[in-house]
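Q: Please take a close look at a single part of this structure and walk me through it step by step. I am a first-year student, so plain wording would help.

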Amino acid sequence: MLDLSPHQERLWFLQRLDPTDSSYNVFWVQRLTGRLDPAALARALTAVAARHEVLRTRYLEQDGVPRAEVAPPAAVPLERLTVPGDPDPLHRLVAERVAEPFDLAAGAPLRAALLAVGPAEHVLCLVLHHIAVDGWSMQLVGAEVAALYRAFTEGKPDPLPPLAMTHREHVAEQRGAAGRAAGERALAHWTAALAGVPDLELPTDAPRAAVRETAGGLARAELSAELMAAVDRLARSHRATAFMVLLAAYQVLLARHSGQRDFCVGTPVAGRSRVEHEGLVGCLATTVALRADLAGEPDFDQLVDRVRATALTGFAHQQLPFAELLTALDVTRDRSRTPLFQAMFALQHAQSAPLAPEDGASEVFQLEYAQAKCDLALEIWREDGRAELHLSYAAALFTRETAQRLLARYLTLLQALLAEPDRSVFEVALLPAAEQAELLARGEGAALAVPESTVPARFLAQAERAPEAVALECAGGPVRYGELAASSARVTGQLQAAGVRPGDVVGVFVERSPELLAALLGVWRAGASYLPLDPKHAAERTALALADSGAACVLVTAGSAPLLPAAVTAPRVLLDPGAEPGTDALPGLDRPAYVIYTSGSTGRPKGVLVGHRALAAFLDATGSLVGGTGPDTCWLGLTSVSFDISGLEMYLPLSTGGRLVVPGQRAAEDGAALRELVRAHGVTHLQATPTGWQLLLAGGLSEVPVALVGGEALPLPLARELRARAARLFNMYGPTETTIWSSCWEVPAEPATVSLGGPLPGTRLRVLDQEGGLSPFGVPGELVIGGAGVALGYLGNPELTAQRFVPDPWGTASALTPPALMYRTGDLVRYRADGGLEFLGRSDHQVKVRGHRVELGEVEAALLADPGVRQAAAALHGEVLVGYVTGGADPERLRARLAKLLPGYAVPQTVLVLAELPTTPNGKLDRAALPAPTPTATPASGAEYAGAAAVLHEIWCEVLSLPAIGPDDDLFDLGGHSLTMARIAARALDRLGAELPLHVFFDAPTIRGLAQYLEEAS
């Protein structure tokens, strides 16, 4: 029995971890045309296996340690098949043989098949496990099989010279004193070079599963001879190689997709440092992790120099002891991704096919098959000046379309980097022209006519046209258009008597009632803009808004006046139903309509000033999509007036002759009462936040003609439930700064995902990267909104206005958009491959858990997928990720379910069940009010063990050479690695008669966890 090399040990462990994994199968498939001698071919294969003992070695286990057993030379089985010329069954048969996993303990890691397509056409398929060969070895095997085949068909003896070194001698060399010293030097180098390196967090098409899948796909593209020549020229100018230039461009591609400046890219190295190694078949190659350094906005010249220095140093320390390195770096064991690097790169030189039948030829058999050793791996095959790009990708994470887009972007980026090597790598062109045009088209809303009149002018026109038509449905009876117009005129008179002038700001501190609508319209008729204030909101916020806005006065009623904070200094105007009407001073389209205070990132609210033109244009655009206009429509005024989306509920019906149902405060908080209002008044359009819709559904609302949902991310389960109860359902999105809603998506009958949809007419959406360029399809970026709905800015805060409202490079000043500005939302979104616009959350809702980036929205979506969960939220408290749910779900069962869906770091350490999630006055989730978890005591290391746990404790102490271990001490924190796991599993099988699959150690790396697994398994 022989030792394995360190790299072979790692490959053996990976196969033990997942015996069904075939991602480390290495294949050589040739299409042979001409007369073929199968017997000579079989003899040549047997001679090569006899020559290289690693090709007839199996790998057994002794006390958790792999050992190599070399079989004596014997005939290599050559499977013979006859297949029709149809390419489909041929490719299927070859792919099946390539994809079949090896049982490394059962026999040699070599399979051979000869598929006869016709009398003079064959396909030879050799499949070997990486534990026995590397890329260099496969070329040797191919060349030696070809040389032996020619000799045997010509009646000549074996022409190959004796080997200068055997594989067992190479392993002994590595295990010897010199090899161990080299390994220690490499470990010291890599520990320092890779300390603190983060994982590469590439945006994916599908969520990352708890356990990485190895099924892959392959995308191809051509790299022209002209571009390759430019690569060579730049490489020579830096005393670098083409590999270094191409790797630098790949790092830029990954950086601009991930937003990271620091990550690793794995690259294979031959590991053949001596002449004797050149003819040796075996797994000498290894993979080194080259750390990318894109800090400081380097240009391409600078980056190539950095890559050159990193590569030269790394290649000088090729003997990478991987398991020891992971322990030294304290890398979190995470089965959802490969450790250290999640992307790979290689530059290969294509070799001519060496094996050709008599009077025939051979060529590489193009097999559409790939296995994913990591998330993405780019191989560039160079031949005759040109090159071919092969991008293998994890099929569980990426679609083929995304992979092809990545290759197209790489070629565009490489050309731009070579053309402008002195420009920042983050500023050069990334997007191919076709993709850029498609992104621009998707973000451009339909044309919208310039509004001809303001909302108050439209309302007054309706009142004059049909004064007896019902405008409001209230608890006290209907209010007609003429009555509402008269009431608003009296408010105007009171304001003018109080000294309010056009352009002033007037606070409206009025409860839900017909008086509220009269007050809002009356402010406009006085030429002022209103500041809506909900009497139920916090007194401090109300006082701050009134002071900050410089309100000329504040309108109150007898019911709301006692609730006005004492700190308010603005004059109070008590609404008087007997006041004299005022004189209309209607504002123009260019004047401010209202000021609404929204929460700021600093915690201090800021006043958003919205103009009449933007409001009128918004109503025109929204009405064209969702309807809700005219005398046959009826809206429910559910939303608080201090939340800007209430403007749609109030003004779309009142400016077009429709009706508005105004529930009282108590009814607005009672789902059953709201259900009755909807039924009694024939409500046609109902709008609410997802939280508000939960209230309505809990109250028994069964159906509504048109439903709108927005203000928060729409969970998919809620989208499906709402769509089943609404004839039409629209998911709306938009910040206050762009006037209520900016995008709209009509939810299909059976939604598979949730989208923000497309821009409203007259609106422009752009998804921008950190440099202000367009984010590619699939890549997150900040949503920036332009067009008719952009607000006038922040009241009294020109500095913040200049930061958030920026020039629109795609727009021009016009009657609809004077001036052409865009608003930076701070929201993270991306265009999916299917064109849907996906909301990812606020940029400040991304958190780091054990060094991994976690989207709280993804955790919340996984929680909501459980049928026992009604509402869900997630938050980070210190270092603890916490899940919050309402409903009847069991927290531990929920965590166990999430462990199968999410990567380990994204599973909440604790789940709290709440009666209700806390909400803001506007009905949104109040993350700041989510309670912190209660700390739990940590069991002492001297805990008493019984049963299987006692045996496991004994085994752990033996293997780790420790006197005592606590039940919740983490194996990897104690210095455990791959062989440690294998030893523990072997001894557990021997003493307990129970098998511990190696993957269980990742899911439950504690004595308590393993004991619980054994108990459940029995």
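A: What follows looks at one strand-helix-strand unit, and then at a few backbone details elsewhere in the chain. The model is a predicted one.

Start with strand β24, which spans residues 685-688. Is each face of this strand covered or open? Both faces are covered: H685 and Q687 are buried on one side, and L686 and A688 are buried on the other. The partner of β24 is strand β25, residues 704-709, and the two strands run in the parallel sense, paired over four bridges. Within this pairing, Q687 is the residue that stands opposite L708 of β25. To get from β24 to β25, the chain passes through helix α21, residues 690-698, and the resulting β-α-β crossover is right-handed.

Now turn to the helix in the middle of that crossover. In α21, the buried residues are P690, G692, W693, Q694, L696 and L697. A general point helps in reading such a list: an α-helix has 3.6 residues a turn, so residues three or four places apart point the same way. What covers the buried residues of α21? The cover includes the two strands of the crossover, β24 and β25, and also helix α20 (671-681), helix α22 (716-725) and strand β37 (869-877). After α21 comes G700, a glycine with a positive phi, near 95°.

Another helix with a glycine after it is α4, residues 135-153. This helix has 19 residues and reaches 27 Å from its first C-alpha to its last, close to the 27 Å expected at 1.5 Å a residue. The glycine that follows α4 is G155, and its phi is positive too, near 75°.

Positive phi values also occur at residues that are not glycine. One of them is E297, with a phi of about 50°. E297 sits in the loop between β9 (286-293) and α9 (300-315). With a relative accessibility of 36%, E297 counts as partly exposed. Another is I740, whose phi is near 70°. I740 belongs to the loop between β26 (726-733) and β27 (743-746). Is I740 buried or exposed? Its relative accessible area is 0%, so I740 is buried.

The last backbone detail concerns a peptide bond. P818 and P819 are joined by a cis peptide bond, with omega about -5°. P819 is located in the loop between β32 (805-807) and β33 (821-831).

Key. Residues numbered from 1 in each chain as written. Predicted model: local features only at pLDDT ≥ 70, side-chain atom pairs only at ≥ 80, totals over all residues. Heavy atoms only, no water. Buried < 20%, exposed > 50% of the residue type's maximum accessible area, 1.4 Å probe, protein only. Pairing = 2+ DSSP bridges. Right-handed = clockwise from strand over helix to strand, strands pointing away. Contact = heavy atoms within 4.5 Å. Expected span 1.5 Å × (residues − 1).
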